[in-house]
Amino acid sequence: MDRVVKVASQKAVVIFSKSSCCMCHAIKRLFYEQGVSPMIYELDEDINGREMERSLLRLGCSPAVPAVFIGGRFVGSANTVMTLHINGSLKKMLKDAGALWL
């Protein structure tokens, strides 16, 4: 779990993902279209990916991917991120974390 927390705090936006996951792709696309350059951590391409996936589940991310962290804080999975985007609060979170300047 320490590794997940350490990676999640390395950049304003960190997304734990799997390269074959369509919802992960959609969430990454959403951030790119907002003008944000998130750090993408592909669990299926990392030797410790399984361990990190279990840590994400213990943190409350279900399903484990996509797991989005903004400002080092766990925000949620695809449903939560889409809800925040639709109600307009995602942009404010991104600005507060320094991921957006406008």
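Here are some exercises on a predicted model of one protein chain, each with a worked solution.

## Exercise 1: The whole chain

Find out how many helices and strands the protein chain has, and decide whether its radius of gyration agrees with that of a compact globule.

**Solution**

Step 1. Start by counting elements: the secondary structure comes to five helices and four strands.

Step 2. Now put them in order. From the N terminus on, the elements run α-β-α-β-α-β-β-α-α.

Step 3. Turn to the overall dimensions. Along the principal axes, the C-alpha atoms fill a box of roughly 35 × 25 × 20 Å.

Step 4. Compare with the globule rule. A compact globule with 102 residues would have a radius of gyration near 13 Å, and the protein chain has 12 Å, so the two agree.

Step 5. Finish with the inside and the outside. Buried residues make up 44% of the 102 residues, and the accessible surface comes to about 5,700 Å², of which 53% belongs to carbon and sulfur atoms.

## Exercise 2: Strand β1 and its partners

Work out which strands pair with β1, and in which sense each pair runs.

**Solution**

Step 1. Locate the strand: β1 covers residues 13-17, and five of its five residues are buried, so β1 is largely enclosed by the rest of the structure.

Step 2. Look at its two faces. V13, I15 and S17 lie on one side and V14 and F16 on the other, and all of these are buried.

Step 3. Find the parallel partner. Four bridges join β1 to strand β2 (residues 39-42), and these two strands run parallel. Here V14 stands opposite M39.

Step 4. Find the antiparallel partner. Strand β3 (residues 67-70) pairs with β1 in the antiparallel sense over four bridges. In β3, V14 has F69 as its bridge partner, while V13 has I70.

Step 5. Add the helix. Together with helix α2 (residues 22-33), β1 and β2 make a right-handed β-α-β unit.

## Exercise 3: From β3 to β4

Describe how β3 is covered, and say how many residues lie between β3 and β4 in their hairpin.

**Solution**

Step 1. Check the faces of β3. A67 and F69 on one side are buried, as are V68 and I70 on the other.

Step 2. Look at the pairing with strand β4 (residues 73-76): it is antiparallel and has three bridges. In β4, G76 is the bridge partner of V68.

Step 3. Inspect the turn. Two residues lie between β3 and β4 in the hairpin, and G71 in the turn has a positive phi of about 65°.

## Exercise 4: One face of helix α3

Which residues of α3 are buried, and why can we say that they line one face of the helix?

**Solution**

Step 1. List the buried residues of α3: G49, M52, E53, S55 and L56.

Step 2. Look down the helix axis. These buried residues fall within an arc of 160°, so they line one face of α3.

Step 3. Check the other side, where R50 and R58 are exposed.

Step 4. Ask what does the covering. The cover over the buried residues includes α1 (2-8), β1, β2 and β3.

Step 5. Zoom in on E53. Its relative accessibility is 19%, and buried means under 20%, so E53 counts as buried. Beyond its neighbours within four places in sequence, E53 is in contact with K18, L43 and A64.

Step 6. Follow the chain onward: just after α3, G60 takes a positive phi of about 105°.

## Exercise 5: P66 and M23

Decide for P66 and for M23 whether each is buried or partly exposed, and find what they touch.

**Solution**

Step 1. Place the residues. P66 sits in the loop between α3 and β3, whereas M23 belongs to helix α2.

Step 2. Judge P66: its relative accessible area is 1%, so P66 is buried.

Step 3. Judge M23: a relative accessibility of 39% lies between the 20% and 50% cut-offs, so M23 counts as partly exposed.

Step 4. Collect contacts, leaving out residues up to four places away in sequence. P66 touches I15, F16, M23, C24, I27, C61, G76, S77 and A78. M23 is in contact with P66 and A78.

Step 5. Set sequence beside space. P66 and S19 are 47 residues apart in sequence and 10 Å apart in space, C-alpha to C-alpha. For M23 and L59, 36 residues apart along the chain, the C-alpha atoms are separated by 19 Å.

Key
Residues are numbered from 1 along each chain as its sequence is written. This is a predicted model: local features need pLDDT of at least 70, side-chain atom pairs count only at pLDDT 80 or more; totals for chains, interfaces and linings use all residues. Side-chain values use heavy atoms; hydrogens and water are left out. Buried means under 20% relative accessible area, exposed over 50%, partly exposed in between (1.4 Å probe, protein chains only). Contact means heavy atoms within 4.5 Å. Two strands pair if DSSP finds at least two bridges between them. A crossover is right-handed if, with the strands pointing away from the viewer, the path from the first strand over the helix to the second runs clockwise. The radius of gyration is taken over C-alpha atoms; the globule rule is 2.2 Å times the number of residues to the power 0.38. Accessible areas come from the Shrake-Rupley method with a 1.4 Å probe; for residues, only the protein chains shown count as cover. The arc is that of the directions from the helix axis to the C-beta atoms.
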